[in-house]
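Work through the exercises below with the model open. Each task is followed by a worked solution.

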Amino acid sequence: MRVNRILLSSALIVVALVVQVSVLARLHLPGAVPDLMLLTVLGLALVYGHVGGALVGFGAGLLADLAPPADHAAGRYALVLCVIGYLAGLAKPENGRLKSATGPMVVVVAAAIGTTLLYAGVGALVGDTAARHVGLPSLLFTAALYDLLLAPFVVPGIMALARRADNDPLAEAGSGAKSADISSGWLSSGTGLRIGGQRGGLGSLKTKARTRTARVGRIKGVKRL
């Protein structure tokens, strides 16, 4: 992953974890807890693809496993979010932009249900039967409902931030391009204009202006003689 992706993902995951632990976990809603960490991973996976989604999911899950008040084995949630991030990244559109909100909503519901099932399944393998006592059907329903209600306020914003970070012209400075070329490329991508290094561009206009000035100077000098 590129540096800007790592920095953005890390910042978003830390903020999501803080809000998850300090706010959402204290709402005491019936059934499951709204999973802001999951929605953050989904938003990034829909932009970064399956490989980036798996890496982000693993990092987010591992951080949630180690952060207090975690009451489960370390690595359990990391495995779950790694798988979910990979699968969600497969739903990334080819051009990186979604045509409607139907696709992301389906991904959110499927991810909420899949996360609950995988978490309960991994817990059963390590001897954690808490899901049986709470009631798995109610957990599946409330997890899907809460995440679906929270998704419109989280996923689009995260996707927009991820796209903006990827399109940041400063991220291409390491390629050896000059700052003027970066600025012109950034402007041309939004306006369709070709500035600098192109025929009819700003550089050619300056050259033509200097040539005309030199010609006028020579003509005036001849007339004075």
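**Exercise 1.** Is Thr 40 buried or exposed?

*Solution.* The model is a predicted one. Start with the location: Thr 40 sits in helix α2. Next, take its relative accessibility, which is 3%. The cut-off for buried is under 20%. Thr 40 therefore counts as buried. Finally, look for a partner distant in sequence. Val 154 is 114 residues away along the chain, yet the two C-alpha atoms are separated by 7.3 Å.

**Exercise 2.** State how many helices and strands the chain has, and what share of its residues is buried.

*Solution.* Count the elements: eight helices and zero strands. Read in sequence order, they give the pattern α-α-α-α-α-α-α-α. Then turn to burial. Of the 225 residues in the chain, 36% are buried.

**Exercise 3.** Describe how α2 packs against α3.

*Solution.* Two values are needed, since two packed helices are described by the angle between their axes and the distance between the axes. Identify the partners: α2 covers residues 36-66, and α3 covers residues 76-89. Their angle is about 175 degrees, and their axes lie 7 Å apart. Angles over 145 degrees count as roughly antiparallel, so α2 is roughly antiparallel to α3. Now sort the contact residues by class. The contact holds 17 nonpolar, seven polar and two charged residues.

**Exercise 4.** Which C-alpha separations link Gly 85 to Gly 57 and to Ala 54?

*Solution.* Place the glycines first. Gly 57 belongs to helix α2, and Gly 85 belongs to helix α3. Check burial next. Gly 57 has a relative accessible area of 0%, so it is buried. Gly 85 is also at 0%, so it too is buried. Then take the distances. Gly 57 and Gly 85 are 28 residues apart along the chain, with C-alpha atoms separated by 5.2 Å. Ala 54 and Gly 85 are 31 residues apart in sequence, and their C-alpha atoms are 4.6 Å apart.

**Exercise 5.** Find the residues of the nonpolar surface patch, and say which helix gives the most to it.

*Solution.* List the members: Leu 79, Val 83, Tyr 86, Leu 87, Leu 90 and Leu 118. Together they have about 520 Å² of accessible area. Helix α3 gives the most, with four residues. Take Tyr 86 as a test case. This residue is found in α3. Its relative accessibility is 37%, so Tyr 86 counts as partly exposed.

**Exercise 6.** What is unusual in sign about phi of His 28, a residue other than glycine?

*Solution.* Begin with the expectation: most residues other than glycine have a negative phi. His 28 has a phi near 55 degrees, a positive value. Now place the residue. His 28 lies in the loop between α1 (3-22) and α2. Then check accessibility. The value is 71%, and the cut-off for exposed is over 50%. His 28 therefore counts as exposed.

**Exercise 7.** Classify Thr 116 by burial, and give its C-alpha distance to Pro 137.

*Solution.* Locate Thr 116: it lies in helix α4, residues 102-125. Its relative accessibility is 15%, so Thr 116 counts as buried. Then take the pair. Thr 116 and Pro 137 are 21 residues apart in sequence, and their C-alpha atoms are 10.0 Å apart in space.

Technical notes. Residues numbered from 1 in each chain as written. Predicted model: local features only at pLDDT ≥ 70, side-chain atom pairs only at ≥ 80, totals over all residues. Heavy atoms only, no water. Axes fitted to C-alpha atoms, helices over the stretch in contact; angles between N-to-C directions. Helix = DSSP H or I, 4+ residues; strand = E, 2+ residues; numbered from the N terminus. Parallel < 35°, antiparallel > 145°, perpendicular 65-115°, else oblique. Nonpolar A, V, L, I, M, F, W, Y, C, P; charged D, E, K, R; others polar. Patch = residues over 30% accessible without salt bridge, like charges linked within 9 Å, V, L, I, M, F, W, Y side chains within 5 Å. Areas by Shrake-Rupley, 256 points an atom, 1.4 Å probe, with all protein chains shown as cover. Salt bridge = Lys/Arg side-chain N within 4 Å of Asp/Glu carboxyl O. Buried < 20%, exposed > 50% of the residue type's maximum accessible area, 1.4 Å probe, protein only.
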